[in-house]
Amino acid sequence: MPRGTLEVILISAKGLDDNDFLSSIDPYVILTYRTQEHKSTVQEDSGSKPQWNESFLFTVSDSTSELNLKIMDKDNFTKDDFLGEANIDLGPLFEVGSLPETVHKVVKDEEYCGEIKVALTFTPERNEEQEYSVGEESYGGWKESSGEF
């Protein structure tokens with residue numbers, strides 16, 4: 001069961017549906033891991049090729065192995081528009097520790113609608129028990145004494 005810190009570096013996206021009527025889209029990303037959520041900055045008028053280069057940290061405490069990236073378009077007078085999402089399987093990351101910049105498909109209603117690029121790093125929690133030498137036996141924090149009192 002992995003425990004530690006997940007760092008997500010949100011780099012960029014491309015091929016997003018630039019469907020705003022009078023101006024370019026203003027995309028941002030909602031990153032979700034379990035119940036933890038982060039929101040990127042809004043890239044105003046960046047259209048279908050936004051650049052973020054932002055870093056986000058999540059605490060990993062169980063075997064949940066999926067990161068959700070939901071791309072939204074910030075609107076001033078109406079509800080923000082959903083542009084698409086990418087779900088990233090973190091299983092391979094927990095085994096190798098880091099994944100370089102990787103492009104993931106963005107989908108909406110099961111249709112391809114762009115790409116998002118992220119880099120991932122998992123830093124395992126340091127286990128205090130690993131500091132003790134393996135050959136030494138202890139009982140309840142006390143060494144068993146071989147001498148008589």
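# Briefing on the predicted fold and its side-chain contacts

The protein chain exposes about 10000 Å², and carbon and sulfur atoms supply 47% of that area. The model is predicted. Buried residues account for 35% of the 149 residues in the protein chain. The secondary structure comprises one helix and eight strands.

**Overall layout**

- Read from the N terminus, the elements of the protein chain follow the order β-β-β-β-β-β-α-β-β.
- Of the contacts in the protein chain between residues at least 6 apart in sequence, 59% join residues at least 24 apart.

**Nonpolar core**

- The largest nonpolar core contains 28 residues, and Leu67, Leu90 and Ile116 have the most contacts inside it.
- Two or more residues of this core come from each of strand E1 (4–14), E2, E4, strand E5 (66–73), strand E6 (81–89), H1 and E8.
- Strand E8 gives the most to this core, with five residues.
- Leaving aside residues up to four places away in sequence, Leu67 touches Val8, Thr32, Tyr33, Phe58, Ala86, Asn87, Ile88, Leu90 and Leu120.

**Aromatic pairs**

- The model has two aromatic pairs.
- The rings of Tyr33 and Phe58 are edge-to-face, because their planes stand at 65 degrees, with the centres 6.3 Å apart, and an angle over 60 degrees counts as edge-to-face.
- This pair links distant parts of the chain: Tyr33 belongs to strand E2 (residues 27–33) and Phe58 to strand E4 (residues 51–60), 25 residues apart.
- Tyr33 counts as buried at 0% relative accessibility, and Phe58 is buried with a relative accessible area of 1%.
- Both Tyr33 and Phe58 are among the residues that Leu67 touches.
- The rings of Phe94 and Phe122 have centres 4.8 Å apart and planes at 65 degrees, so this pair is edge-to-face.
- Phe94 is in helix H1 (residues 91–96) and Phe122 is in strand E8 (residues 111–124); the two are 28 residues apart, and the pair links distant parts of the chain.
- Phe94 counts as buried at 18% relative accessibility, because the limit for buried is under 20%.
- Phe122 is buried, with a relative accessible area of 7%.

**Charge over a ring**

- The charged end of Lys39 sits over the ring of Tyr28, at 4.6 Å from the ring centre.

**Surroundings of Pro27**

- Pro27 is part of strand E2 and is buried, with a relative accessible area of 0%.
- Pro27 and Met72 are 45 residues apart in sequence, while their C-alpha atoms are 5.5 Å apart in space.
- Not counting residues up to four places away in sequence, Pro27 touches Leu16, Thr41, Val42, Gln43, Ser46, Gly47, Pro50, Trp52, Ile71, Met72, Asp73 and Leu83.

**Salt bridges**

- The structure holds four salt bridges; three are described below.
- Lys14 and Glu115 form a salt bridge in which the closest N and O atoms are 3.9 Å apart.
- Lys14 lies in strand E1 and Glu115 in strand E8, so this salt bridge ties together parts that are 101 residues apart in sequence.
- Lys14 is partly exposed at a relative accessible area of 47%, and Glu115 is partly exposed at 22%.
- Asp62 and Arg34 meet through their side chains in a salt bridge, at 2.5 Å from N to O.
- Asp62 is in the loop between E4 and E5, and Arg34 is in the loop between E2 and strand E3 (36–39); the pair links distant parts of the chain, 28 residues apart.
- Asp62 is buried, with a relative accessible area of 17%, whereas Arg34 counts as partly exposed at 43% relative accessibility.
- The side chains of Lys117 and Glu101 form a salt bridge at 3.9 Å, N to O.
- Lys117 is in strand E8 and Glu101 in strand E7 (residues 98–108), 16 residues apart, and this pair also links distant parts of the chain.
- Lys117 is partly exposed, with a relative accessible area of 27%, whereas Glu101 counts as exposed at 53% relative accessibility.

How values were computed:
Residues numbered from 1 in each chain as written. Predicted model: local features only at pLDDT ≥ 70, side-chain atom pairs only at ≥ 80, totals over all residues. Heavy atoms only, no water. Phe/Tyr/Trp six-rings, centres within 6.5 Å; stacked < 30°, edge-to-face > 60°. Helix = DSSP H or I, 4+ residues; strand = E, 2+ residues; numbered from the N terminus. Buried < 20%, exposed > 50% of the residue type's maximum accessible area, 1.4 Å probe, protein only. Lys NZ or Arg CZ within 6 Å of the ring centre and 35° of its normal. Core = buried A, V, L, I, M, F, W, Y, C linked by side-chain atoms within 4.5 Å. Contact = heavy atoms within 4.5 Å. Areas by Shrake-Rupley, 256 points an atom, 1.4 Å probe, with all protein chains shown as cover.
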